[in-house]
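The two exercises below are to be worked through with the structure in view, and each is followed by a solution that goes step by step.

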Amino acid sequence: MIPLSVAEIAVLTGGTVHSGQGALNGPVLNGPVLNGPVVTGPVVTDSREAVAGALFAALPGERVDGHDYAAVAAGKGAVAVLAARPLPEIGVPVIVVPDVVTALGLLARGVLDRLPGVIVVGITGSSGKTSTKDLTAQVVEHLGATVAPAGSLNNEIGLPLTVLRADQSTRYLVLEMSARGIGHIAYLCGIAPPKISAVLNVGRAHAGEFGSIEAVAKAKGELVEPLPSAADGGVAILNADDPNVAAMAARTSARVVTFSVAPVVGESVVGESVVGESVARDSVARDSVVGDSARPADVRAADISLDDLGRASFVLIIGGSRADVTLRLHGAHHVANALAAAAVASELGMGAADIAAALSGATARSKKRMELHETPDGIIVVNDAYNANPDSTRAAIEALAQISGHGQRRRGFAVLGYMAELGEIETESHVEAGRQAARSGATAVIAVGDGAAPVLDGARATAGWHGEAIAVPHPRAAVQALRDRLRPGDVVLVKASKAAGLWEVADGLLAEVDQ
């Protein structure tokens with residue numbers, strides 16, 4: 001973060017500075033800023049991460065209250081605390097605000113306003129946000145100093161903390177923005193107004209909270225609404241293969257740039273079938289949403305193929321330029337993510353050849369997202385257990401099918417857990433996941449926990465499937481079930497919502513590798 005005095009932080013957050021003797025006189029807004037401690041380190045919410053010069057934000061939590069750990073942060077070098085109440089016992093200034101989360105947003109916006117040269121890139125979608133953010137950051141880094149979140153810091157806490165990592169050297173902020181309801185992305189855009197926004201897809205994630213696909217589209221489209229006009233450099237990057245996303249062009253005055261994995265009539269389509277049934281389904285309506293002339297998307301992929309580990313190769317097409325890309329990421333769904341990242345980089349002035357080279361060198365930075373490991377005896381474990389919704393689960397199962405050769409090259413095991421926040425479509429979504437797993441040629445489908453039980457109903461009802469349907473109560477039981485069945489060369493997919501904790505299955509299978 002840029003250096004700020006405690007008094008300056010109080011002004012930006014609307015807070016009052018307290019010491020052991022009570023509230024201090026506020027700073028004079030039209031005069032010199034009061035001297036005092038200066039925050040020169042990071043803003044942290046975990047006292048264990050406090051270092052010299054840090055600002056500790058005392059967040060209330062479901063299990064612990066950050067205020068109880070403020071003294072620990074101060075002892076580790078934090079020079080000030082952002083809190084909801086005075087803490088006279090800790091020995092450093094406390095900036096007392098009505099709400100710490102709101103204050104973090106205000107502080108982030110204040111810091112960003114002092115960095116006018118920073119270009120903010122916002123990314124959202126029902127699935128693929130984190131992977132696309134990671135790809136985009138790794139490409140854009142070739143143009144200049146870039147700040148992006150680690151993992152999925154994409155809400156009203158994580159996004160401001162990411163913004164607050166920016167300083168005078170930063171040129172690009174690549175931010176992931178999530179929504180649990182209408183207005184959430186608009187709020188995040190108020191903290192970090194984007195100049196370039198990319199919307200990946202509108203799916204059934206959080207269907208139980210939003211209530212309808214239309215509501216999801218309304219929420220995701222909030223990312224393009226605050227963009228500057230085309231004349232002022234605003235750019236909306238939209239997935240032409242998703243009608244709900246393509247329709248967002250009407251919600252912005254920014255210039256619209258489209259991307260698509262759908263083949264263009266008359267163009268070479270070697271390997272078009274490998275993009276998966278999800279892409280094929282979503283691409284059907286592309287011509288009707290791009291325009292009456294069926295104009296090809298601005299950024300496209302041609303000649304898509306996958307290797308035996310599900311890694312995609314394709315020709316990147318940007319305008320009249322073409323360049324070969326070979327991704328290191330696993331799963332055909334990453335082609336669309338890579339195109340979105342390419343579109344961002346192109347708008348920032350990067351050439352197609354350089355973009356292709358950067359994409360080909362990009363790795364999976366965020367853990368538990370299509371993370372592939374191999375045991376010494378050749379068992380492949382695909383850990384995609386960080387989160388799940390119907391669309392991301394379908395994409396993961398398609399990757400399992402590719403890696404296993406639909407059961408012909410390797411035996412496949414689909415370990416599926418509960419998908420949260422699906423509301424009325426919960427049961428049917430789990431049943432459909434079971435069908436997909438069976439159609440992938442899986443040797444066994446393992447449902448972990450009561451919430452995932454309908455997965456087995458779907459698998460058993462799939463005509464022609466003769467695999468094993470196994471119900472287990474928890475991840476440890478899944479590990480044992482797998483150990484009783486696995487043999488060298490098999491592949492295991494682990495997929496569930498974060499709350500299910502299914503990464504314990506992958507960790508259990510890989511425990512011997514890490515020792």
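The model is predicted, and both exercises rest on values computed from it.

**Exercise 1.** Determine which classes of residue line the second largest cavity, and which helices supply them.

*Solution.* Begin with the count, which comes to three cavities of 30 Å³ or more; the second largest of them has a volume of about 40 Å³. Next, list its lining, which is made up of Arg 204, Pro 390, Thr 393, Arg 394, Met 419, Ser 429, Glu 432, Ala 433 and Gln 436. Sorted by class, this lining holds three nonpolar, three polar and three charged residues. Finally, assign residues to helices: α14 (390–404) and α15 (426–439) each supply at least two of the lining residues, and α15 gives the most, with four residues.

**Exercise 2.** Describe how helix α4 packs against helix α12, and decide whether the two are roughly parallel, roughly perpendicular or oblique.

*Solution.* Two packed helices are described by the angle between their axes and the distance between the axes. For α4 (residues 129–140) and α12 (residues 334–347), the angle is about 40° and the axes lie 9 Å apart. Angles under 35 degrees count as roughly parallel and those of 65 to 115 as roughly perpendicular, and α4 and α12 are therefore oblique to each other. The crossing of α4 past α12 is right-handed. The contact involves Ser 131, Thr 132, Leu 135, Thr 136, Val 139 and Val 140 of α4, which meet His 334, Asn 337, Ala 338, Ala 340, Ala 341, Val 344 and Ala 345 of α12. As a last step, classing these residues gives eight nonpolar, five polar and no charged residues in the contact.

Conventions:
Residues numbered from 1 in each chain as written. Predicted model: local features only at pLDDT ≥ 70, side-chain atom pairs only at ≥ 80, totals over all residues. Heavy atoms only, no water. Axes fitted to C-alpha atoms, helices over the stretch in contact; angles between N-to-C directions. Parallel < 35°, antiparallel > 145°, perpendicular 65-115°, else oblique. Left-handed = near helix turned anticlockwise from the far one by under 90°. Contact = heavy atoms within 4.5 Å. Nonpolar A, V, L, I, M, F, W, Y, C, P; charged D, E, K, R; others polar. 1 Å grid on protein atoms, 1.4 Å probe; cavity = no way out; pocket = protein on both sides within 12 Å on 5 of 7 lines; lining within 4 Å. Points joined across faces, edges and corners; volume = space filled by probe spheres on them.
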